[in-house]
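Let's read this one together, starting with how far to trust it and then moving on to a helix and an interface.

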Amino acid sequence: MSGGSVMNKAARGAGLRSARLAAALAVITWTSVLFYPLVFMLSGSLKSGPELTSRPWGLPRGIVLQNYAEGFLTPGLDTNMARLMLNSAIVTAGTVVLVGLFSAMAAYALARYEWTLRSFMLSCFALAVAIPGQALIVPLYRLILNLGLKDSYWALILPYTAASLPFSVVMLRAYFVGFPRELEEAARIDGCGEFGMFFRIFLPLSRGGLAVICTVAAIGAWNELMLAMTFITDPARRTLSAALVQYSGNSQTSPNEPVLFAILCMATAPIVLLFVFFQRHVLKGATVGGVKG
Amino acid sequence: MTSFCQAAITRGTGQAHERRFHGNEIVNQERKTMFPGGVFQRPGLKRGLTILLFLAPALAVMGVFLVYPIFDCFTLSISRWGGYGVPRRLWADGGRWFDNFRAVWNDPYLWTALKNNLIFTTVSTVGTVGLGFVLALALESRIRGWKFFRLAWYLPVTFAFVVVAMLWWRIYDTSGLLNKTIAAVPWLESFAEGLGWRAHFHWLRAPLGMYCIAVVAIWQYSGFPMMVILSAMDDIPPELYEAARIDGAGAWKRVWHITIPSIKETLIAIALIQVIFSFRVFDLVYAITNDWDLQVIASYMYMVQNRGEEAYGLSAAVGVIMLAVGFALALGYVFVVRAQQRKEAFA
């Protein structure tokens, strides 16, 4: 990608001024449109109730940190933000670990061995990407009840894992296929067994690919709403998304807007931090086709 | 949910895209590395067991939590079930086989939901891909700080739909930011009133509401097509632009005659992905409104569970419809990609 950009730059360094101006204008406009609602949210979370009603637009006059303290206790939800985030984090972490390990193993079998049903199996995984997971909510609910998993974290971790696996396997397989064969030959000559090959050579070397699928699975698991609302009704185990919807349903009748804004900011902060921290991998996940080594 | 699936498909298209553009190179590389086994791999039972062992965990989880529920979805869709106990088959319970399907088929809200899906899908697909293209074009000239903007514009994609929906509810609400802003600016107010705006206007009410919700999706998701289109633009050989410039083509002509034709496949692919995944939208719509007139198929499926004591069968029937449409869309996607590849092969 970077190689191309340098050449493009050279080719069009003398580009028309009007085109450059239009580009700058588009960038400024879109950045303001995109960020204004976020500024509104952040500044709203620091205002007092009356100020938010009378002057919703600008920056707060006096900072009311009380909103965050109150929001942290999530009035009306019998729990607090830390607990909700912990629940979401447990579900997300469980999903990420299972998706990472299982998809890497399956992708390894699909990429490094040749066997009869291999291409058929690969098509099955590719086809399974097309299943809209939420359409299965009723049969999944019945399954969760029958397995006695309702209100446990597994009720979410396992369906999320199943929904993420097809895409992760297809993607990691493409990643494994690109590894040079000399690597494998060298390891075999050194006496590496089948599992040693996977755990000692392939897993450590595929950190980049694993980071992409894990980030993507994490975003999905952290945000999911429909299954989270249905499979977990115990307030102490609700995930953040599900609790937020419930809170918003309560608060629309008796709103304390600044507190709600504070809750939204607190719910967004960890994701923004993770994004900035893992930006390289997230961006790669989005454009992986266009990135050439 | 949506974002990770989107990335999934992109991965596939990106591959296809790359293979088409750099055909021989990639194929040769694959041939060299795909089957490294050869002399070093022991054939036989032990090898078969190893393969099975590597595949087993993934297949087990997917089998139980993805494939089995598909079959169960069909049986539940012809059953009466209230979320507890044993579902009873309709024909054994004084009903007919397809009563659930008949009930949702005759429910006007199903058709409202499908119509809303159509509006949402069309507006958000055209909006995100169109805007994504414009934004990618703006960054493609390598404007100062383009790396920062690329990152910043992608940021909302990672937000929870729930958070975004609750934020935008505060904007669209009758006493929300939008109405207050319009009321506060005199010329804007008179202009809006000319278009039929009144104080405390209900933005989130049919028929306008669905478009307003689609705008939220455009706001949140344009960064994703932007990213994909930008990387496709970087693959265009600079010689093409060079030649066009020597021929005296202006900037706009170069966009029209070189950029767009060169990334046509990517544009089609990303549009199809947006169609497939905006069809699945749930969180955004459900969290922003509970108006039956403004639901989409997924939220209709969720809300129909509360229609009476034993309405889970209805929901399963909607689930079957959703699965069918979802698969049809995915097959359409595969079909278009295949057709493109065939065209390339003959070209």
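Q: Where in chain A is confidence lowest, and where is it highest?
A: Confidence here is pLDDT, the predictor's own score for each residue, from 0 to 100. In chain A the low end is helix H1 (residues 2-12), with a mean of 43, and the high end is helix H7 (residues 137-146), at 94. Helices here are DSSP runs of H or I with at least four residues, numbered from the N terminus. This is a predicted model, in which local features need pLDDT of at least 70, side-chain atom pairs count only at pLDDT 80 or more, and totals for chains, interfaces and linings use all residues. Residues are numbered from 1 along each chain as its sequence is written, chains are lettered from A and ligands numbered from 1 in the order in which they are written, and side-chain values use heavy atoms, with hydrogens and water left out.

Q: What is the mean pLDDT of chain A?
A: Chain A averages 83, and 88% of its residues reach 70 or more.

Q: Where does helix H2 of chain A kink?
A: A bend is the angle between axes fitted to the seven residues ending at a residue and the seven starting there. In H2(A) a kink of about 35° lies at A:Phe35, shortly before A:Pro37. A:Pro37 is among the buried residues of H2(A) (buried: under 20% relative accessible area, 1.4 Å probe, protein chains only).

Q: How many salt bridges cross the interface of chain B and chain A?
A: The rule asks for a side-chain nitrogen of Lys or Arg within 4 Å of a carboxyl oxygen of Asp or Glu, and it finds two across this interface. B:Arg170 pairs with A:Glu257 in a salt bridge, with the closest N and O atoms 3.1 Å apart.

Technical notes:
Helices (H or I, at least four residues) and strands (E, at least two) are DSSP runs, numbered from the N terminus. Buried means under 20% relative accessible area, exposed over 50%, partly exposed in between (1.4 Å probe, protein chains only).
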